[in-house]
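Reader: Could you take a close look at one piece of packing in this model, and then set out some of the strand pairing for comparison? Please give the cut-offs along with the terms.

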Amino acid sequence: MENYKTLEIVQRSPKSSVFHLNLNRPSLGNALSLDFFSEFPKALDSLDQNPNVSVIILSGNGAHFCSGIDLKALDSISEHSQSSDRGRTGERLRRHIKFLQDAITAIEHCRKPVIAGIHGACIGAGIDVVTACDIRFCTEDAFFSVKEVDLAITADVGTLQRLPSIVGYGNAVELALTGRRFSGSEAKSLGLVSTVFASKEAMDEGIRLVAEGIAAKSPLAVTGTKAVLLRGRDLTVDQGLDYVATWNSGMLLSDDLAEAVSAQIQKRKPVFAKL
């Protein structure tokens, strides 16, 4: 596997198709550097293209999930965008922002489900990352903040676009405008996370069980479910139904379907081919 400056890919068991993608700058609270935005989509793509990977668990090494964007990265973006021409300065800055956005959207472009395990801080850019994930869990000691407003920034890497559909528009507005800190239990009540665990150890085991359960299902059905849900988020119900009809016209009649039906009849666990 490729070595990364900001990330670590781990397969805990050689027999498991669940892989771990860890943010790996623990001494800096896993603050996101410019290297991260280059490496993250590459790492996700490598896992996506690996037929031995069914589910990805995204977490942070050390005491925190993610303390936000590295302030040095902000300085670098500002410095490299400068030009004597105001129009060219703006154009360069726009390209930088799109580059950052694309790195986070890579989570949605990944066919495999990405499950976020959040402990400690999840601040600013950390919210951008987890709102793009498919499932989110956290620990009781986790805390969250849509922090950009306190840095005189309008959040521009995905939080303002994804958070409203997760927690509701009114809640998203309040969190984004105040930048206030909120707890894991409040994140659960808002719908930002599915489950709150008493400790990181309990969360890791709980996520493992969920991930292994998903990994045992038809990979065609899992990737199709992710794709249709993401597409349907931006469509009317009628458009979404039309999209899934088109999707299943190409995917439904598969060996996975025959195996799932056969396994149900024979009362055994199904065995699916890799994707």
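Author: The helix packing comes first, and the strands follow.

The model is predicted, and local features need pLDDT of at least 70, side-chain atom pairs count only at pLDDT 80 or more, and totals for chains, interfaces and linings use all residues. Residues are numbered from 1 along each chain as its sequence is written, and side-chain values use heavy atoms, with hydrogens and water left out.

Two packed helices are described by the angle between their axes and the distance between the axes. Helix α1 covers residues 34-49 and helix α3 covers residues 86-109; helices (H or I, at least four residues) and strands (E, at least two) are DSSP runs, numbered from the N terminus. Their axes come within 9 Å and cross at roughly 25°. Axes are lines fitted to C-alpha atoms, for helices over the stretch in contact, and angles run from 0 to 180 degrees between N-to-C directions. α1 and α3 are therefore roughly parallel to each other, a label for angles under 35 degrees. The crossing of α1 and α3 is left-handed, that is, the near helix is turned anticlockwise from the far one by less than a right angle.

On the α1 side, the contact (heavy atoms within 4.5 Å) is made by Leu34, Phe36, Phe37, Ser38, Phe40, Pro41, Leu44 and Asp48. From α3 come Phe99, Leu100, Ala103, Ile104, Ala106, Ile107 and His109. By class, this contact between α1 and α3 has 12 nonpolar, 2 polar and 1 charged residues. Ala, Val, Leu, Ile, Met, Phe, Trp, Tyr, Cys and Pro count as nonpolar, Asp, Glu, Lys and Arg as charged, and the others, Gly among them, as polar.

Now the strands. In strand β2 (residues 18-23), 6 of the 6 residues are buried, meaning under 20% relative accessible area (1.4 Å probe, protein chains only). In a regular strand the side chains alternate between the two faces of the sheet. In β2, Val18, His20 and Asn22 lie on one side and Phe19, Leu21 and Leu23 on the other, with both faces covered.

Strand β1 (residues 7-10) runs antiparallel to β2 and is joined to it by 4 bridges; two strands pair if DSSP finds at least two bridges between them. Leu7 stands opposite Leu23 of β2. Strand β3 (residues 55-60) pairs with β2 in the parallel sense, over 6 bridges. Val18 has Val55 as its bridge partner in β3.

Terms used. Angles under 35 degrees count as roughly parallel, over 145 as roughly antiparallel, 65 to 115 as roughly perpendicular and the rest as oblique. Buried means under 20% relative accessible area, exposed over 50%, partly exposed in between (1.4 Å probe, protein chains only).
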